[in-house]
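This briefing covers the internal cavities of a predicted model. A short section on one helix residue follows.

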Amino acid sequence: MSRAAAEAADATDELRSFRDQFELPAGVIYLDGNSLGPPSAGTLDALREIQDEWASSLVTAWDRWVALPAEAGDLLGETLLGAAADQVVVADSTTINLYKAAAAALGLRPERSVVLIEAESFPTDRYIVEQLAGEVRVGSIDALDEDVALAVFSAVDYRSAARADMELITGAAHAAGALALWDLSHAAGAVPVHLDEWEVDFAVGCTYKYINAGPGSPAYLYVRRELQDVVSQPIPGWFGHVDQFAMEDEYRPAPGVGRFLTGTPNIPGTAAVAAGVRLLGEAGIDRLHQKSKVLTDLAIERADALLPSLGFEVASPRHASRRGSHLALRHPRADAVCDALARDHRVIADQRPPDILRLGFAPLYTRFVDVWDAMGAIESVGRGLAGG
């Protein structure tokens, strides 16, 4: 694809109008939405609405706010996760939700002591299961056996963007008598997810990447309906109590997924999650995913044409169906490349040690010319580092 063709693709892009809803610095090519999405007008409006409601209603606003974690969870489930109502809540952080879900799962398999986790898992996921499990086994679904209580996998690898076959892996876990817990942080809002259809047991994820809910926005937790009233979660809090304002001495869990709430929810953040999900819903996850595949295909095409002689290597799957919405390039000086892109070319990407440059392509606001120009900037940086 030539740059003129990239411009033509932008002109006919069905999603092109969504870019206008985001606040992006002029002249910046932002390719780090897989770490932190930019603010949209709708999200900023939602935050202002909460601010105004707080100012005008004070504590009486809680009459409405108290329902937001479940309402935002239902919206997220319906729009992005393929989950029917009453199975998702928005609360806490991904780390805390992973802890709650993993502990709950292990409680359902007391006769088993092993947690299986993939080798390339996000560090937090490993930290949590190492503390909870009697034994941690690192490997693929081939390592499943009668000792495994829980399999913990990421839907999209945070470094390489490799997309897991969630249906296949969940089915393999169930066939071995284990439960499946998925980290959706780099998937939700970028690739289609069908938690109910695939019979996933537990899932968690953050909302500040493709959902664009802002730095530190609350995470979410999914619990399959059939498991909700037989699990115990390890952090009993008053928001998860069956009668929250009874102030009882004894903890009695709320029915359903509500028992996975803990303390007072982040109301501005939860409202921002709902606004971000609504915008993604307007675009449609299938259209978002289709554009994501074309954007990443273009980036790989340009990488192959410009970068191999400069020490770069494509480290993401080449088939679009096996990738998320970011591209990993391997280079021995990825950190220097990332710094030079921002400093000299106003291209914001990120890097992961020891040698991965990550380029995030968020379909709501990333243009085809952004990809074209960014790859040219990477070539220029690479030549500079090579002394050419």
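The second largest cavity is lined by Gly 189, Tyr 210, Asn 212, Leu 280, Leu 288, Ala 362, Pro 363, Leu 364 and Tyr 365. Its volume is about 40 Å³. In this predicted model, there are 2 cavities of 30 Å³ or more.

**Second largest cavity**
- The run from Ala 362 through Pro 363 and Leu 364 to Tyr 365 contributes to the lining of the second largest cavity.
- Sorted by class, 7 of the residues lining the second largest cavity are nonpolar and 2 are polar, with no charged residues.
- Gly 189 and Asn 212 fall in the polar class, and both belong to the lining of the second largest cavity.

**Largest cavity**
- The largest cavity encloses about 50 Å³ of space.
- Its lining consists of Arg 19, Leu 24, Val 28, Ile 29, Tyr 30, Tyr 365, Thr 366 and Asp 370.
- The classes in the lining of the largest cavity are 5 nonpolar, 1 polar and 2 charged residues.
- Arg 19 and Asp 370 count as charged, and each lines the largest cavity.
- Tyr 365 appears in the lining of the largest cavity and also in that of the second largest cavity.

**Thr 124**
- Thr 124 is part of helix H6, which spans residues 123-132.
- Thr 124 has a relative accessible area of 18%, so Thr 124 is classed as buried, the cut-off being under 20%.
- Leaving aside residues up to four places away in sequence, Thr 124 touches Thr 95 and Leu 98.

Definitions and conventions. Residues are numbered from 1 along each chain as its sequence is written. This is a predicted model: local features need pLDDT of at least 70, side-chain atom pairs count only at pLDDT 80 or more; totals for chains, interfaces and linings use all residues. Side-chain values use heavy atoms; hydrogens and water are left out. Helices (H or I, at least four residues) and strands (E, at least two) are DSSP runs, numbered from the N terminus. Buried means under 20% relative accessible area, exposed over 50%, partly exposed in between (1.4 Å probe, protein chains only). Contact means heavy atoms within 4.5 Å. On a 1 Å grid over the protein atoms alone, a cavity is a set of points where a 1.4 Å probe fits but cannot get out, and a pocket is an open set with protein on both sides within 12 Å along at least five of seven lines; lining residues have an atom within 4 Å of a point. Grid points are joined across faces, edges and corners, and a volume is the space filled by probe spheres set on the points.
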